[in-house]
Structures are given as structure tokens and as C-alpha cells.
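Reader: Please take me slowly through the interior of this model, with a close look at one helix and what packs against it. I would like every cut-off stated as you go.

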Amino acid sequence: AQGPVPAVPIARFGVGRGCIMFGDPYHDDNLICNAASTGLSGCPEKGNHRQVHPKQVCQSTHDLHTNGRGYSNWVMTTVMAGSGKKVKMRTARQRDTRWIADQRNCRWQMENLAIHTADGVPSLVAWAVFMSNNHKSSDYRRIAAELATWYQMKPVILAFIFEGVLGEYFERSMYYHCRKGALGNRPGFRMLDIHDILLDYSAPWWQKAYDNPEDSAFKVVFKYLQDNFDDEEEIKVKKQQILQGIKAGYEAHVKHTRYLLSCPIILIILRRSREGPALLKAVLAVLYERADSDGDGDLKRAIRSGYGEYRYQRRGETRPPEERKWYDLLKDRDEGRDLVYWWKRFGLLDNTTIWAELKRLSKEKPGTRKEGILPFKKEYPVIFEFLEYTFGGMMSNTRMVEQLHGMLRWYLQDNQSIEYTDMVHGYRMRQGHDMQEERRDAKNSTAAYAAGGNGNKRRKTDASKTKADACMQSRQLLASCAKYKGKVRGATGVSKIKQRGFSRKDKKIAEEKMQMH
């Protein structure tokens with residue numbers, strides 16, 4: 001969080017405006033899983049498609065299968081004949097930026113490897129051997145021969161199991177971010193319970209994996225290591241790699257979730273039954289210490305009269321461990337300064353209405369109240385109203401932004417500027433869409449009239465297949481060209497386009513045009 005911006009005038013409670021720094025928990029889990037995966041297996045070498053790497057195995061399997069899906073499925077059916085089992089080939093293109101794609105891909109291949117043919121051969125191995133002997137392409141025969149070897153390598157299977165564990169973690173986290181909360185039907189606006197997934201699932205999950213990895217979700221990885229590797233030196237090396245991957249994921253988790261435990265986002269934890277009272281006591285202690293060191297008499301008097309100090313300065317008094325962890329987190333110079341700023345900014349300094357509930361919350365025993373937003377709303381309506389007013393409208397993840405990013409990525413080309421892509425996007429979403437709707441409505445009304453209907457029922461029809469549709473589209477384009485002609489008469493020349501310089505690529509293109517002229 002940042003403090004007041006000098007250029008912005010004072011807005012509320014004698015404190016200038018500030019901005020709340022918040023990341024994307026949904027996106028962070030992808031970064032965490034990628035960090036753990038890279039910590040175990042390293043990054044694949046670009047351009048080397050014959051390297052022994054679990055991600056290259058997934059990509060080669062995808063290439064071989066998608067080259068001819070029908071033939072690939074027929075081969076799998078052929079090699080599984082007589083076993084009474086059916087194997088479904090599922091692959092995905094290997095890409096780190098595609099969330100959970102690699103983890104799901106590894107899990108699919110592990111499921112298929114667990115199914116054996118009538119001769120006791122793993123299905124994917126038999127499938128790859130058949131491909132290596134019978135595929136018409138020499139390149140794909142080579143890929144299939146490599147896959148037949150890779151799928152029998154124990155380090156590859158070990159990495160697949162590791163990726164599968166990461167996928168199970170990511171699946172539950174993604175399920176949380178994709179469903180609605182207790183207060184609304186919008187999955188992207190869950191700020192008031194954003195700490196539930198952190199404190200109840202992801203943080204304990206990674207903490208246990210870091211402290212006791214062989215008793216965590218990764219125990220299946222260690223079990224495979226002990227049951228299938230014989231060389232003690234190799235076991236030692238692979239165990240070190242597994243621990244390195246877990247450590248990388250843990251450190252990435254700590255790094256990418258730190259903003260959830262910084263001011264003012266951390267104040268949302270006040271609504272939790274187990275952590276809220278202890279956090280409030282630590283907050284009041286830090287506020288009093290900051291007020292004492294800064295000479296802020298108003299803040300010190302407010303804490304003494306309305307809340308409580310919780311300083312533990314008497315002989316024999318020590319701060320309880322459940323308060324100590326929050327106190328140590330907030331007593332940092334920057335966090336303490338931000339805490340004082342946001343406490344005043346939110347009007348909690350002079351709001352006597354909320355004092356009574358904060359005092360009652362600070363004396364509540366942890367865990368006595370039922371966990372959840374609705375029980376907290378019923379017990380502390382004023383504090384809840386403050387939290388909802390402050391954080392209720394914030395987006396808890398960027399699913400909406402990612403969807404727009406995905407739409408843009410489909411149309412973006414390397415030889416085109418961002419501005420040109422935006423104009424194409426704008427045309428398809430506004431003018432092009434309206435013209436297509438006009439043609440579709442005309443076609444639907446004509447079809448309904450010919451069938452004796454009233455033409456009111458919406459039908460899914462293609463608006464540009466017949467000659468009549470093409471003629472109507474031509475008339476629409478001519479009409480739009482007439483409007484465009486009047487606007488383009490005053491267009492700027494190449495020299496003025498260079499001065500505008502929308503982007504670096506546009507400037508480079510403009511410079512090349514200037515040289516041509």
C-alpha cells in the first residue's frame with residue numbers, strides 16, 4: 001500500500017488519497033506451480049525437441065496424437081485388443097502460460113500408463129511402439145520410438161507424479177476462484193472471503209509440504225522413489241530435486257501472497273473467528289506504538305479510550321503466540337506507517353459507532369463464533385458494513401481480464417501493431433456486429449415468412465452464405481464507406497503520424513515509411 005499522494009487534495013478524514021496494491025491470487029497459483037515444476041525438472045531447452053524432459057514428453061505425445069487423431073485412436077484400440085480395457089487418448093499442447101494444462105496433461109498420461117495391454121505392457125508404451133513401426137512418416141516414427149523409451153524411464157514417471165500433485169492443488173484453488181461466494185453470484189468479487197483459501201488451504205498446504213514433505217501431499221512422489229529406484233546415489237539425487245521443487249514452490253507462495261497480509265488487505269481477516277481477535281490486538285498495539293513514536297496524540301487518546309493498548313509491559317507479561325505472529329508482521333516500519341494511514345483514511349479514528357464492536361471483538365475468544373461471513377455479519381454488523389463498503393466492490397481475481405486477454409491473443413499478430421489490432425477488435429464488436437445482426441434479422445424474418453411463421457423467434461443462422469446475404473453485405477459496406485469518406489478527408493499525413501507515435505512498433509513503421517518517401 002502507498003501513502004497519500006501530494007498532488008491529490010485531501011478527501012476524507014483529513015487524510016489524502018492513497019491506492020491499494022492488490023495482485024491476482026488466481027494467477028499466483030499458476031506462477032507457484034511453475035516455480036515448483038522448474039525447481040524439480042528445470043526449464044526445457046528451447047529448440048531441442050529430443051531432450052529427455054517431462055514437458056517435452058507431453059509435447060511429443062501431443063504432436064504424435066494430433067497429427068492424426070483418428071489413426072492414433074485406432075492404434076490404441078488395436079494394441080488394447082483382448083485386454084477388455086478401453087483407453088482414451090487425451091493430450092494438450094505444452095505451455096507454461098496455460099494454467100493447469102501441463103499438470104492435467106501429466107495426470108492424463110499417468111492414468112493411461114496405469115492401464116496395461118493383454119501382454120502386460122503399459123498402454124502408452126505399446127501405442128508408441130506400434131506407431132514407431134507403422135507410421136507412414138519417418139519423423140513421427142522417430143518421435144514414437146523416443147516416446148516408447150521415455151515412458152519407461154523412471155525419472156520421467158517421477159516428474160509426472162510430482163506434476164500430478166501440483167495439479168490436484170491447483171484444481172481446488174481454481175474451483176474456489178470459479179464459484180460464487182456467500183454474498184453474491186459473481187465469482188470474481190470475493191474479497192471478503194479471499195483469506196479463506198489462503199489461511200485454510202494454500203498456506204497450510206505449502207507449509208506442511210515444506211516442513212514435512214514426506215508426510216504431505218507429495219508422499220506419493222517419495223513412495224514411488226523408494227519403491228522403484230535401487231541406486232542409493234540416484235535416490236539421494238532425486239530426493240534432493242524433489243525437495244528443491246517443493247522449496248521453490250513454497251518460496252513462490254510466500255512471495256506472491258504477501259500482499260494479502262499487508263495493509264489494508266490484512267484488515268479483512270478481522271472477520272475470521274480464529275485469527276480476527278488476535279489480529280485486532282496486534283493492530284491496536286502497533287497503532288499505539290506508532291502514535292507514541294510519531295507524537296500523534298489524537299490516535300493515542302482514541303486507542304486508550306475506545307479500544308485498548310495491549311502493550312504487555314507489566315512484569316511477567318508476554319505477548320501470546322497467536323498475537324505475536326501478527327504483531328511481528330505489522331511492526332515493520334513501512335507496514336506500521338501504512339496501518340496508521342489506512343486506519344485514519346477509513347475513518348476508524350473518530351468513528352465512535354464502531355468502537356464498541358471493535359472492543360467486543362478484541363475480547364472474543366478465538367474459535368467461539370461460527371466461521372463464515374454471514375455469522376460475522378450477524379454478530380458485528382457495523383464492522384461488516386465497514387469491510388463491505390471498503391472491499392466489497394474490489395475484484396478478487398482477474399478472470400474477466402484474462403478472458404479479454406485471451407480474446408485479444410487470438411487476433412494479435414507479430415507483423416501488426418497493437419493499435420491496428422484494437423481497431424479490428426472494435427470493428428468486429430461494434431460496426432461489424434451490428435451489420436451481421438442486421439443481415440441475420442433480415443434472413444430470419446424472410447425464412448419465417450416463407451414458412452408461415454411470425455418471424456419473432458430468434459434462430460441461429462449464418463448471415464453470409466447466400467447470394468442475397470452477400471448483396472446486402474455489399475450495400476452495407478458501401479453505406480459505411482460513404483460515412484468513412486467524409487471523415488478521412490482531413491486525415492493526417494505520414495509526418496504527423498510519426499509525431500503521434502502510439503507505440504514503439506508504430507514509430508518504427510512510421511520511420512520506415514518516412515525513409516521510403
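Author: Of the 517 residues of the chain, 42% count as buried, where buried means under 20% relative accessible area, exposed means over 50% and partly exposed covers what lies in between, with a 1.4 Å probe and protein chains only. This is a predicted model, in which local features need pLDDT of at least 70 and side-chain atom pairs count only at pLDDT 80 or more, while totals for chains, interfaces and linings use all residues. Residues are numbered from 1 along each chain as its sequence is written, and side-chain values use heavy atoms, with hydrogens and water left out.

The chain has 23 helices and two strands; these are DSSP runs numbered from the N terminus, with helices being H or I over at least four residues and strands E over at least two. Its accessible surface comes to about 29,400 Å², of which 51% belongs to carbon and sulfur atoms, the areas being obtained by the Shrake-Rupley method with a 1.4 Å probe and, for residues, with only the protein chains shown as cover. Of the contacts in the chain with a separation of 6 or more, 69% are between residues 24 or more positions apart, a contact being heavy atoms within 4.5 Å.

The helix to examine is helix 17, residues 381–391, in which Ile-383, Phe-384, Phe-386, Leu-387, Thr-390 and Phe-391 are buried. Seen down the axis of helix 17, these buried residues fall within an arc of 160 degrees, so they line one face of the helix; the arc is that of the directions from the helix axis to the C-beta atoms. The face turned away from that buried side carries the exposed residues Glu-385 and Tyr-389. The cover over the buried residues of helix 17 includes helix 15 (352–362) and helix 16 (373–379).

Within helix 17, Phe-384 counts as buried because its relative accessible area is 4%. Leaving aside neighbours within four places in sequence, Phe-384 is in contact with Leu-183, Leu-192, Ile-373, Phe-376 and Lys-377. Of these partners, Leu-192 is 192 residues from Phe-384 in sequence, yet their C-alpha atoms are 9.3 Å apart in space.

Ile-373 leads on to Asp-193, a residue in the loop between helix 7 and helix 8 (194–211). Asp-193 counts as buried because its relative accessibility is 6%. Not counting residues up to four places away in sequence, Asp-193 touches Tyr-176, Gly-181, Arg-271 and Ile-373. Its C-alpha atom is also 8.2 Å from that of Gly-372, although the two residues are 179 apart along the chain.

Beyond this part, the largest nonpolar core has 109 residues, and those with the most contacts inside it are Trp-127, Phe-218 and Trp-343; such a core is a set of buried Ala, Val, Leu, Ile, Met, Phe, Trp, Tyr and Cys residues joined through side-chain atoms within 4.5 Å. The largest share of this core, 13 residues, comes from helix 7, residues 154–177. Phe-218, apart from its neighbours within four places in sequence, is in contact with Phe-162, Val-165, Leu-166, Trp-205, Trp-206, Ala-209, Pro-213 and Ile-246.

Phe-218 also belongs to a cluster linked by ring pairs, together with Phe-162, Tyr-169, Tyr-201, Trp-205 and Trp-206. Rings of Phe, Tyr and Trp (its six-membered ring) pair if their centres lie within 6.5 Å, with planes under 30 degrees apart counted as stacked, over 60 as edge-to-face and the rest as tilted. The structure holds 18 aromatic pairs, among them the edge-to-face pair of Tyr-151 and Phe-160, with 6.4 Å centre to centre and 65 degrees between the planes. Tyr-151 is buried, at 4% relative accessibility, and Phe-160 is buried too, at 1%.

A ring of another kind of interest is that of Tyr-327, for the charged end of Arg-319 sits over it, 4.1 Å from its centre; the criterion is that NZ of Lys or CZ of Arg is within 6 Å of the ring centre and within 35 degrees of the ring normal. Tyr-327 is 42 residues from Ala-285 in sequence and 7.7 Å from it in space, C-alpha to C-alpha. Ala-285 lies in helix 11 and counts as buried, at 1% relative accessibility.
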